[in-house]
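Here is a briefing for a first look. Please keep the sequence and the 3D view open while reading.

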Amino acid sequence: MRRLTRKWNQFTAKILDLPQDVVQDLPRITMIGNVQLYVENHRGVLHFSSENLKLELTKGTLEVFGRHLVIRAILSEEVFIEGLIDNVKYMP
């Protein structure tokens, strides 16, 4: 049943020309240089320190490594991070 729902959502998104992240609840990750990171559609912060941030996503986790990391803003589904970002790792 879940597979059918996913297929239907993909079909609807294609017909209506909707972004896949909206329809499938996928994360949208925007990175500006190596100093800012904006993540939409996260499910919560699993770990945070000045060198490491781990976010829970709908399907997996996102891990950010860097120096002097600071969470500038956090909302229920959005988080904005600043600092010197060295590595971003997505784990399905």
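**Strands, sheet and core**

S1 and S2 run antiparallel and are joined by five bridges. They belong to an open sheet of six strands, whose order is S1-S2-S6-S5-S4-S3. The model is a predicted one.

**The chain as a whole**

- The chain holds two helices and six strands.
- Read from the N terminus, the elements follow the pattern α-α-β-β-β-β-β-β.
- The chain has 92 residues, and buried residues make up 24% of them.
- About 6200 Å² of the chain is exposed, and carbon and sulfur atoms supply 56% of that area.
- Take the contacts between residues at least 6 apart in sequence: 37% of them join residues at least 24 apart.

**The sheet**

- Pairing in the six-stranded sheet is antiparallel.
- Strand S1 (28–32) and strand S3 (42–48) are the edge strands, and each of them pairs on one side only.
- On average, neighbouring strands of the sheet are turned by 40° against each other, with direction ignored.
- In a regular strand, side chains alternate between the two faces of the sheet.

**S1 and S2**

- Arg 28 has Glu 40 of S2 as its bridge partner.
- Thr 30 has Tyr 38 of S2 as its bridge partner.
- S1 and S2 form a hairpin with three residues between the strands.
- Gly 33, in this hairpin, takes a positive phi near 60°.

**S6 and its partners**

- S2 and S6 run antiparallel, joined by five bridges.
- Val 39 is bridged to Val 79 in S6.
- S5 and S6 also pair in the antiparallel sense, over eleven bridges.
- A hairpin of three residues leads from S5 to S6.
- Ile 74 has Val 79 in S6 as its bridge partner. Val 79 is thus listed as a partner of Val 39 and of Ile 74.

**The nonpolar core**

- Which residues make up the largest nonpolar core? There are eleven in all: Leu 37, Val 39, Leu 53, Leu 55, Leu 57, Leu 62, Val 64, Leu 69, Val 79, Ile 81 and Ile 85.
- Strand S2 (36–40), strand S4 (52–57), strand S5 (60–74) and strand S6 (78–91) each supply at least two residues of this core.
- Leu 57 is one of the core residues. Beyond four places in sequence, Leu 57 touches Pro 27, Asn 41, His 42, Arg 43, Leu 62 and Tyr 90.
- Leu 62, one of those contacts, is itself a member of the core.

**His 42**

- His 42 sits in strand S3.
- Is His 42 buried or exposed? Its relative accessibility is 2%, under the 20% cut-off, so His 42 counts as buried.
- The side chain of His 42 reaches the backbone oxygen of Leu 75 at 3.5 Å.
- A polar atom of the His 42 side chain also lies 3.4 Å from the backbone oxygen of Glu 78.
- Setting aside neighbours within four places in sequence, His 42 is in contact with Leu 55, Glu 56, Leu 57, Ile 74, Leu 75, Ser 76, Glu 77, Glu 78 and Val 79.
- Among these contacts, Leu 55, Leu 57 and Val 79 belong to the largest nonpolar core.

**His 47**

- His 47 is also placed in strand S3.
- Its relative accessible area is 38%, between the 20% and 50% cut-offs, so His 47 is partly exposed.
- Not counting neighbours within four places in sequence, His 47 is in contact with Asn 52, Leu 53 and Lys 54.
- His 47 and Glu 63 are 16 residues apart along the chain, and their C-alpha atoms are separated by 9.1 Å.

**Ile 74**

- Ile 74 lies in strand S5.
- With a relative accessible area of 46%, under the 50% cut-off for exposed, Ile 74 is partly exposed.
- Ile 74 touches His 42, Val 45 and Val 79, leaving out residues up to four places away in sequence.
- Val 39 is 35 residues from Ile 74 along the chain, and the C-alpha atoms of the two are separated by 9.7 Å.

Notes: Residues are numbered from 1 along each chain as its sequence is written. This is a predicted model: local features need pLDDT of at least 70, side-chain atom pairs count only at pLDDT 80 or more; totals for chains, interfaces and linings use all residues. Side-chain values use heavy atoms; hydrogens and water are left out. A nonpolar core is a set of buried Ala, Val, Leu, Ile, Met, Phe, Trp, Tyr and Cys residues joined through side-chain atoms within 4.5 Å. Buried means under 20% relative accessible area, exposed over 50%, partly exposed in between (1.4 Å probe, protein chains only). Helices (H or I, at least four residues) and strands (E, at least two) are DSSP runs, numbered from the N terminus. Contact means heavy atoms within 4.5 Å. Two strands pair if DSSP finds at least two bridges between them. Axes are lines fitted to C-alpha atoms, for helices over the stretch in contact, and angles run from 0 to 180 degrees between N-to-C directions. Accessible areas come from the Shrake-Rupley method with a 1.4 Å probe; for residues, only the protein chains shown count as cover. A polar contact is a pair of N or O atoms within 3.5 Å; within protein, one must be able to donate a hydrogen and the other to accept it, and residues adjacent in sequence count only if both atoms are side-chain atoms.
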